[in-house]
Amino acid sequence: MFKPKIYYDKELKEKARFLRNNSTLTEVLLWNHLKRGQRRGYDFHRQKPILHWIVDFFCYDLMLAIEVDGDYHEFDEVKTKDKYRQEQIEALGISFLRFKDDTIKYDIESALIAIEKHIDEHEKHSPSPS
């Protein structure tokens, strides 16, 4: 299956590095379940620049972005910006999974189940990690 090259604003490299070194609690909690191929061997990256934005987690083989949204994302203006950003990134063929901070803190298992379901769907169309 053809996957496009993912372009990003090179100015975001330093910001992404800063965000990786200053992760939120919920990002660390989820990262502990995504790193080192723990999700069926799929390679996830933290704070990955895509186009003009940075997504919390990204797996190229799955073409999957994962976002963990804190309370800040409940403001209407932020919701509008998030929607636009997500639409632009989805136009590249990237799927999104979004989780609230509280889900990761208090019910991470449900988030992991949602990620596994996404992997199941992907593997129906592409049997093994690239």
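In this predicted model, a convenient place to start is Arg40, which is found in the loop between α2 and β1 (45-50). Arg40 is not a glycine, yet its phi is positive, at about 55 degrees. Most residues other than glycine have a negative phi. The relative accessible area of Arg40 is 35%, so this residue counts as partly exposed. Leu51 also carries a positive phi of about 55 degrees without being a glycine. The position of Leu51 is in the loop between β1 and β2 (53-59).

From these loops the description turns to the packing of two helices. Helix α2, covering residues 25-34, packs with helix α4, covering residues 101-125, at an angle of about 25 degrees, and their axes lie 9 Å apart. Because angles under 35 degrees count as roughly parallel, α2 is roughly parallel to α4. The crossing of the two helices is right-handed. On the α2 side, the contact is made by Thr26, Leu29, Leu30, His33 and Leu34. The α4 side contributes Asp101, Ile104, Lys105, Ile108, Leu112 and Ile115. Sorted by character, the residues of this contact are seven nonpolar, two polar and two charged.

Two residues of helix α2 deserve a closer look. One of them is His33, which lies in α2 and is partly exposed, with a relative accessible area of 27%. Not counting residues up to four places away in sequence, His33 touches Gln38, Arg39, Ile108 and Leu112. The C-alpha atoms of His33 and Glu109 are separated by 10.0 Å, although these residues are 76 residues apart along the chain. The other residue is Glu27, also placed in helix α2. Glu27 has a relative accessible area of 11% and is therefore buried, the cut-off for this being under 20%. Beyond residues up to four places away in sequence, Glu27 touches Gln47, Asp56 and Phe57. In sequence Glu27 and Asp101 are 74 residues apart, while in space their C-alpha atoms are 8.6 Å apart.

The nonpolar interior comes next. In soluble globular proteins, nonpolar side chains tend to be buried together. The largest nonpolar core here has 19 residues, and those touching the most other members are Leu30, Leu34, Phe44, Ile66 and Ile115. Two or more residues of this core come from each of α2, β2, β3 (64-69), β4 (95-100) and α4. Helix α4 gives the most, with six residues. Leu30, Leu34 and Ile115 appear again here, having been named in the contact of α2 with α4. Leaving out residues up to four places away in sequence, Ile66 touches Leu30, Leu34, Phe44, Asp56, Phe57, Leu97, Phe99 and Ile115. Apart from the largest core lies another core, of nine residues, including Val55, Phe58, Ala65 and Phe96.

Phe96 leads into strand β4, where this residue lies. Phe96 is buried, with a relative accessible area of 12%. Residues up to four places away in sequence aside, Phe96 touches Val55, Leu64, Ala65, Glu67, Gln86, Ile89 and Glu90; Val55 and Ala65 are among the members named for the nine-residue core. Arg20 is 76 residues from Phe96 along the chain, and the C-alpha atoms of the two are separated by 20 Å. Strand β4 is also the place of Arg98, which is partly exposed, with a relative accessible area of 27%. Arg98 and Lys83 are 15 residues apart in sequence and 11 Å apart in space, taken C-alpha to C-alpha.

Finally, helix α4 is also the place of His122. With a relative accessible area of 13%, His122 is buried. Once neighbours within four places in sequence are left aside, His122 is in contact with Tyr42, Asp61 and Leu62.

Conventions: Residues numbered from 1 in each chain as written. Predicted model: local features only at pLDDT ≥ 70, side-chain atom pairs only at ≥ 80, totals over all residues. Heavy atoms only, no water. Axes fitted to C-alpha atoms, helices over the stretch in contact; angles between N-to-C directions. Helix = DSSP H or I, 4+ residues; strand = E, 2+ residues; numbered from the N terminus. Parallel < 35°, antiparallel > 145°, perpendicular 65-115°, else oblique. Left-handed = near helix turned anticlockwise from the far one by under 90°. Contact = heavy atoms within 4.5 Å. Nonpolar A, V, L, I, M, F, W, Y, C, P; charged D, E, K, R; others polar. Buried < 20%, exposed > 50% of the residue type's maximum accessible area, 1.4 Å probe, protein only. Core = buried A, V, L, I, M, F, W, Y, C linked by side-chain atoms within 4.5 Å.
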